[in-house]
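Visitor: I am new to reading protein structures, and I would like to go through this one slowly. Could you show it to me and take my questions one at a time?

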Amino acid sequence: MNSHSLKQNTMLLRFIIVILASCSINQINLCSTYPFATPHVPSTTLKLEGSLSFDNIDHAAKDFGNTHHFLPSAVLYPKSVSDISAMIKHVFEMRGSSELTVAARGHAHSLQGQAQAHNGVVINMESLRGEPRLRFQTGGRNPYVDVSAGELWINLLHESLKHGLTPKSWTDYLHLTIGGTLSNAGISGQAFRHGPQINNVYQLEVVTGRGEIMACSEEQNTDLFNAVLGGLGQFGVITRARVALEPAPKMVKWIRVLYSDFATFTSDQENLISSEDTFDYIEGFVIINRTGLVNNWRSTFNPKDPVQASQFSSEGKTLFCLEVAKYFNPEDSGFLDQKIDTLLSKLSYIRSTLFLSEVSYVDFLDRVHISEMKLREKGLWEVPHPWLNLLIPKSKIHVFAKEVFGNILTDTSNGPILIYPVDKSKWRKGTSLVTPKENVFYMVAFLTSAMPSSTGKDGLQHILSQNRRILDFCKRANIGMKQYLPHYSTREEWKAHFDSQWEVFVTRKSLYDPLAILAPGQRIFRRVTFQQQL
């Protein structure tokens, strides 16, 4: 952005703030009109119920990844969808005379600045409280809830349970906004059965890059509906969602078993996700050279055979853990134990490593938050998180694992490594989500944490170097990998990522956000000015 454009954007926004401050005694609760004109923009009116701030906005240049920091010019705290529409429409009507961009920010769990807007406007979606946050429809065969996109999934869970209901599909971490996960996909251990979270919404309310408020579903504005789901924020800001619900269980049987052989591990996983009679949640993770693993699990799990479990050593080994869960209600527990025993009898895990736990449904779904609180206590949560999330085709998972776990990651992992298969054959078609061509593929997530100022193997540069080695291998070996929560630097890389979907993606961008105002932090398109074209 040149100095003239930056000065123009800043002056315009500061003018709005001056008017805002002078018109309202209580800036948090206002409804005012802001008339203004610039040399390039005809006189227009911006009405806001919420507030727009230049002060104390450093937080909007931070995210969970903690590696990219782009300071905006202002933060919008909307009180209604109309506030979001008014802001985006005003920026759109400035046309090519400005380079101002707009980014929606949920709970800031993005990894590389995707929800940031350098010198632009960041919308704080969690402040969107102008309309009823939750409206439940509990009757009929398909119950649902209409919910603000700025609401957290954990809050939706608690409110749904009051009606004896629950969303069907989850992410592993629930302290994320509804709009944030729907803009990516929302994949976890229930996706093999219900698909990702984008599979489990009936309707959306969206503010496009033109500032239009549009309802969309499979029956109405279908192209926009498909574009926005998994669309990385490129086509509109999701402001409300109609989320599918089902009857909620009260308890969970939570089970972990270990494997030393990768082929056996993946064979059991693939059989479980393809079976009609199976667990409700299926994931897995890789364990590299962990000392005292079994003892660490004892705080949550009980070994089936304590004597044999105590003799098992994980030190110096690469092991593979299958993690499964079965949901139930207390009155069904006797019958359930027999069913679980039958399911486990078909698996080829190391028999001395069967660990079981029984927890509430809420505690199971919110399990990662417990780890978060422990890390926060130690000051280890707000550190760099150079995560790498990959989708690996089933046919290449063994080639991938042999190189990555045999040659690249050999002595430590600097965080959990999730690995589990999903089958997309029943997933919603036509969304913007990019996956490998094969129906069955593996989610492989390297959830690393880097120690600040470290130059060793737990430092940021070493982890980034490992990530590059993994990505370089995938390219060299023609793995057919796709990134989940993708991050690329060049247009050519994005074109390769979208592959055959690229032209559709570009066409949708020209329809719904023709000036490339939205989600600049994804770095897919450049803001359109008088001198630039998409």
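Guide: What follows is a series of questions and answers about this predicted model.

Visitor: In what order do the nine strands of the open sheet lie?

Guide: Strands of a sheet pair through backbone hydrogen bonds, either parallel or antiparallel. In this sheet the pairing is antiparallel, and the sheet is an open one. Its edge strands are β15 (302-303) and β21 (482-483), each of which pairs on one side only. Reading across from one edge strand to the other, the order is β15-β17-β13-β16-β14-β19-β20-β18-β21.

Visitor: Which residue is the bridge partner of P303 in β17?

Guide: The edge strand β15 is joined to strand β17 (residues 355-360) by two bridges, and the two strands run antiparallel. In β17, the residue that partners P303 is F355.

Visitor: Which residue of β20 stands opposite L391?

Guide: To find it, one can look at how β20 (440-446) is held in the sheet, where β18 and β20 pair in the antiparallel sense over six bridges. Strand β19 (residues 417-423) also pairs with β20 in the antiparallel sense, over seven bridges, and there I417 stands opposite F446. For L391, the residue opposite in β20 is M443.

Visitor: How many of the seven residues of β20 are buried?

Guide: A residue counts as buried when its relative accessible area is under 20%. By that cut-off β20 is mostly covered, and the number of its residues that are buried is seven of seven.

Visitor: What angle does the direction of helix α14 make with that of β18?

Guide: Helix α14 (residues 460-476) packs on the sheet, where it touches β18 (388-393), β20 and β21. Taking the direction of the helix together with that of β18, the angle is about 20°.

Visitor: Which element gives the largest share of the lining of the second largest pocket?

Guide: The second largest pocket holds about 1,100 Å³ of space, and among its 40 lining residues L471, M481, Q483, H487 and Y488 lie nearest its centre. The elements that give two or more residues to this lining are β18, α14, β21 and α15 (491-498). By class, the lining has 17 nonpolar, 15 polar and eight charged residues. The largest share, seven residues, comes from α14.

Visitor: How many charged residues are in the lining of the largest cavity?

Guide: The structure holds five cavities of 30 Å³ or more, and the largest cavity has a volume of about 90 Å³. Its lining includes N184, G230, L232, Q483 and F498. When that lining is sorted by class, there are seven nonpolar residues and five polar ones, while the number of charged residues is none.

Visitor: Which residues of helix α12 are buried?

Guide: Helix α12 spans residues 367-377 and is followed by G379, whose phi is positive, near 70°. What covers the buried residues of α12 includes β13 (251-259), β14 (281-288) and α11 (361-365). The buried residues themselves are R367, H369 and E372.

Visitor: Is S85 buried or exposed?

Guide: S85 is found in helix α2 (residues 81-93). Leaving aside residues up to four places away in sequence, S85 touches V207, G211 and I213. Its relative accessible area is 7%, and because the cut-off for a buried residue is under 20%, S85 is buried.

Definitions and conventions: Residues numbered from 1 in each chain as written. Predicted model: local features only at pLDDT ≥ 70, side-chain atom pairs only at ≥ 80, totals over all residues. Heavy atoms only, no water. Helix = DSSP H or I, 4+ residues; strand = E, 2+ residues; numbered from the N terminus. Buried < 20%, exposed > 50% of the residue type's maximum accessible area, 1.4 Å probe, protein only. Contact = heavy atoms within 4.5 Å. Pairing = 2+ DSSP bridges. Axes fitted to C-alpha atoms, helices over the stretch in contact; angles between N-to-C directions. 1 Å grid on protein atoms, 1.4 Å probe; cavity = no way out; pocket = protein on both sides within 12 Å on 5 of 7 lines; lining within 4 Å. Points joined across faces, edges and corners; volume = space filled by probe spheres on them. Nonpolar A, V, L, I, M, F, W, Y, C, P; charged D, E, K, R; others polar.
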